[in-house]
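I set out to record, entry by entry, what I looked up in this structure. The topics are strand pairing, internal cavities and aromatic contacts.

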Amino acid sequence: MSLFKARDWWSAALGEGEEFDQGCLCVGDVDNSGTGHDKVVVGSYMGMLRIFSPHTNKSSDGSVADAQLLEVQLQNAIIQVEVGKFVSCSELLHLAVLHPRKLSVYSVSGTAGNVEHGDQYQLKLIYEHNLQRTACNMTYGTFGGVTGHHSLCIQSMDGMLMFFEQDSYSFGRFLPGFLLPGPLVYNTRTDSFLTVSSARQLESYKYETLAVATEAESRQDPDLPLKTGSKRLTPDWTFVLGEQALDLSLPSFSHSSSSIFVLGERNLYCLRDNGQIRFMKKLEFNPSCFLPYASVTDGTTNLLLGNHTNMLLVYQDVTLKWAAQLSFVPVAVRIANFPELKGVVVSLSSDGHLLCSYMGTDPSFFSTPKVDAREADYEQVDAEMKKLQKFIREATRTQGRRLLGTKFLSFICSLSSGVGSSTLVAFSAFLNGRYPPADLTGDITVSYSSPTGVPRVLQSRFSLPLALVCALSSPAKTTKFKITVDTNQPPVNLNSIFPGDFSAKSEDKDGNTLAFQFLSGAKVTVLASKTSQRYRIQSDSFEDMWLVVKELVQRFDQHFSKLGVKDFKKSFSGPLPLQEYFLSVDHHFQLRVSAQQYQDLLSERAVQFRAIQRRLLTRFKDKTPAPLQNLDTLLDATYSQVRHTHTHTHTHTHTLVPTLVIKKTWFLEVESFCHDRGEETLARQPHLPCCHCRLICRLAAGNRNFFLLFDSV
């Protein structure tokens with residue numbers, strides 16, 4: 001199955017020994033069913049008229065017979081068939097059949113059947129015209145701007161245009177300089193007729209000009225003088241093709257309403273209504289038929305083009321979009337809508353092969369068989385499993401920091417409604433981000449309705465363990481920031497304050513030192529004095545000390561409350577860390593400035609990236625190849641800059657707010673320790689320097705939270 005092969009949806013072989021040409025195929029709702037679904041009408045040179053309503057059939061037996069609505073043997077050869085409003089005072093569609101010496105208009109009607117054979121269709125002759133000259137082809141339209149019905153124009157083999165208004169003959173005109181007949185179409189937009197003469201040029205004749213020209217009783221010599229009061233027929237405009245035309249087409253959809261398509265022997269032309277050329281496509285094959293149809297892109301037209309190499313090509317203006325292989329050379333192609341499938345391509349060959357197909361491919365359910373179907377070696381699989389488990393255990397020990405980010409805890413809360421029933425609710429908590437949280441406490445709110453329908457709300461608070469955000473580490477000897485907490489009780493062993501995993505993995509068995517490693521990379525060390533009642537917390541990161549200090553104070557309260565100590569007090573020795581706090585605010589301000597700069601740089605690089613893309617797209621669409629002039633290298637470099645800038649912008653944005661919240665909470669906690677030292681101690685604390693007052697005002701203009709923060713301090 002090839003992707004570039006027309007997929008058969010329905011097909012039929014029309015008789016044996018019959019011949020067909022491009023005028024022998026048309027589609028339309030010829031039976032006036034009102035559903036809008038098309039029927040396929042096919043006529044042959046042997047006089048056989050067939051009407052089909054294709055549909056899919058799971059069983060191939062009888063599929064053609066089920067789809068065939070009508071088959072009638074006419075007395076004369078069928079040159080062309082068309083569907084239109086050819087009967088006056090009727091809005092119904094009728095079938096016009098052109099014979100060499102006759103024009104017949106039929107009505108096709110269906111009668112619902114009462115037996116298993118289905119509906120019955122009949123072909124009824126409405127009117128016919130016997131022709132004095134041998135016909136070549138015909139066209140129809142609203143000649144002269146008349147609406148409500150269609151008129152017919154027949155071109156004879158000797159160059160005469162015969163006009164018929166339904167069941168009456170109007171007039172006839174000979175084309176000047178005629179030698180051999182060419183394709184003929186009617187342009188509704190300009191009320192003119194287009195044909196290609198033996199001079200290999202496209203000629204346009206106004207219907208009004210044809211109506212007032214000399215009456216055609218016999219072939220006139222253009223060199224002879226005209227009769228009194230007569231007017232010589234001349235084309236409105238001409239366009240030299242330089243080759244014989246195979247077919248003409250005027251698409252009727254809106255966005256290509258001014259296009260005239262001409263299929264030549266070696267070229268494809270597209271002209272405007274005034275004869276000016278829009279584009280021309282040189283063909284590298286011998287075409288057999290073509291059909292313009294609507295395109296989804298504004299300003300363009302799609303074309304189906306068949307050739308003598310059994311190919312059906314899809315063009316968008318002059319660009320080849322698709323190619324499908326057929327099993328025959330198509331002489332006529334149409335697009336039809338059927339109940340089960342829309343936009344079906346209907347093609348006909350010269351020997352009567354009628355095919356309804358679509359582009360693309362069908363889904364394949366073929367599965368490749370296993371090459372090696374040997375049974376699995378369970379001993380080898382077990383050995384490989386043990387090897388992988390050993391590797392995982394070693395990676396867990398050596399990359400504890402990386403695995404720390406994947407820790408999560410599961411909780412199960414029991415909610416009691418007070419009437420003897422309870423419900424268990426499970427949830428998980430994990431760290432979202434590479435920065436420490438501002439707090440390890442959480443609130444649970446449960447809304448429910450009592451058995452009487454009264455809404456109730458339950459709230460509870462819980463605390464997450466410190467081990468969720470940090471791990472035990474070796475103590476740091478030199479640090480940048482230090483905080484000392486004084487108590488009124490003798491020093492205690494830190495291993496008893498932090499039991500469990502922390503005490504089991506601690507290297508200091510005396511319990512005087514304990515160090516914590518956070519995900520952000522900072523390390524916090526807790527030192528207990530052996531002689532005094534002081535505890536020192538030190539780290540290179542000012543904000544990371546907050547969680548450890550809070551956890552230490554809470555565990556002190558729990559420890560001494562269990563011992564029955566009621567007058568336990570803790571206090572902060574030394575001045576408030578205003579300088580460290582202001583440095584943190586300055587750093588936060590710089591991060592905001594950097595984030596805004598990265599945002600501006602990202603916007604600038606994005607504009608540059610789109611501009612380079614447009615330049616490259618213009619180069620690729622150019623018909624004449626040209627060097628890229630290092631545009632591809634510039635595009636790769638700009639893309640790398642955009643990714644790098646986006647990473648920095650994302651990092652700055654996600655670390656701004658959490659870091660400042662931690663610093664604010666940490667500063668308020670230290671300030672609360674000072675309250676335990678009395679009002680006189682607070683009075684001796686230094687005031688805010690003037691430089692920081694100015695900084696507060698500047699930041700308050702950009703972020704109101706800064707003003708509220710310092711106002712609370």
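The entries below concern a predicted model.

**Entry 1: strand 28 and its neighbours**

I first asked which strands pair with strand 28. Strand 1, residues 7–13, pairs with strand 28, residues 353–358, in the antiparallel sense, and I noted six bridges. Strand 27, residues 344–349, also runs antiparallel to strand 28, and four bridges join these two.

I then looked up individual bridge partners. Ser357 of strand 28 is the partner of Asp8, and Ser357 is likewise the bridge partner of Val345.

I next examined the connection between strand 27 and strand 28. These two strands form a hairpin with three residues between them. In the turn, Gly352 has a positive phi of about 95 degrees.

**Entry 2: enclosed space**

How many cavities of 30 Å³ or more does the structure hold? I found one. The largest cavity has a volume of about 50 Å³.

I listed the residues that line the largest cavity: Gln155, Leu175, Pro176, Gly177, Phe178, Gly182, Thr195, Val196, Ser197, Glu203 and Tyr205. By class, I recorded five nonpolar, five polar and one charged residues in this lining. Strand 15 (192–196) and strand 16 (201–206) each supply at least two of the lining residues.

**Entry 3: aromatic contacts around Tyr207**

I turned to the aromatic rings, for which the count comes to 22 aromatic pairs. One of them is formed by Phe143 and Tyr207, whose ring centres lie 5.8 Å apart with 35 degrees between the planes, a tilted arrangement. Where in the chain do Phe143 and Tyr207 lie? Phe143 is in the loop between strand 10 (135–141) and strand 11 (151–156), while Tyr207 is in helix 2, residues 207–212. The pair thus links distant parts of the chain, 64 residues apart. I also checked whether Phe143 and Tyr207 are buried or exposed, and both are buried.

Tyr207 forms a further tilted pair with Phe171, at 6.0 Å centre to centre and 45 degrees between the planes. Phe171 belongs to strand 13, residues 168–174, and Tyr207 to helix 2, so this pair too links distant parts of the chain, 36 residues apart. Phe171 and Tyr207 are both buried.

Finally, I asked which residues form one aromatic cluster with Tyr207. The cluster consists of Phe143, Phe163, Phe171, Tyr186, Phe193 and Tyr207.

Notes:
Residues are numbered from 1 along each chain as its sequence is written. This is a predicted model: local features need pLDDT of at least 70, side-chain atom pairs count only at pLDDT 80 or more; totals for chains, interfaces and linings use all residues. Side-chain values use heavy atoms; hydrogens and water are left out. Two strands pair if DSSP finds at least two bridges between them. On a 1 Å grid over the protein atoms alone, a cavity is a set of points where a 1.4 Å probe fits but cannot get out, and a pocket is an open set with protein on both sides within 12 Å along at least five of seven lines; lining residues have an atom within 4 Å of a point. Grid points are joined across faces, edges and corners, and a volume is the space filled by probe spheres set on the points. Ala, Val, Leu, Ile, Met, Phe, Trp, Tyr, Cys and Pro count as nonpolar, Asp, Glu, Lys and Arg as charged, and the others, Gly among them, as polar. Rings of Phe, Tyr and Trp (its six-membered ring) pair if their centres lie within 6.5 Å; planes under 30 degrees apart count as stacked, over 60 as edge-to-face and the rest as tilted. Buried means under 20% relative accessible area, exposed over 50%, partly exposed in between (1.4 Å probe, protein chains only).
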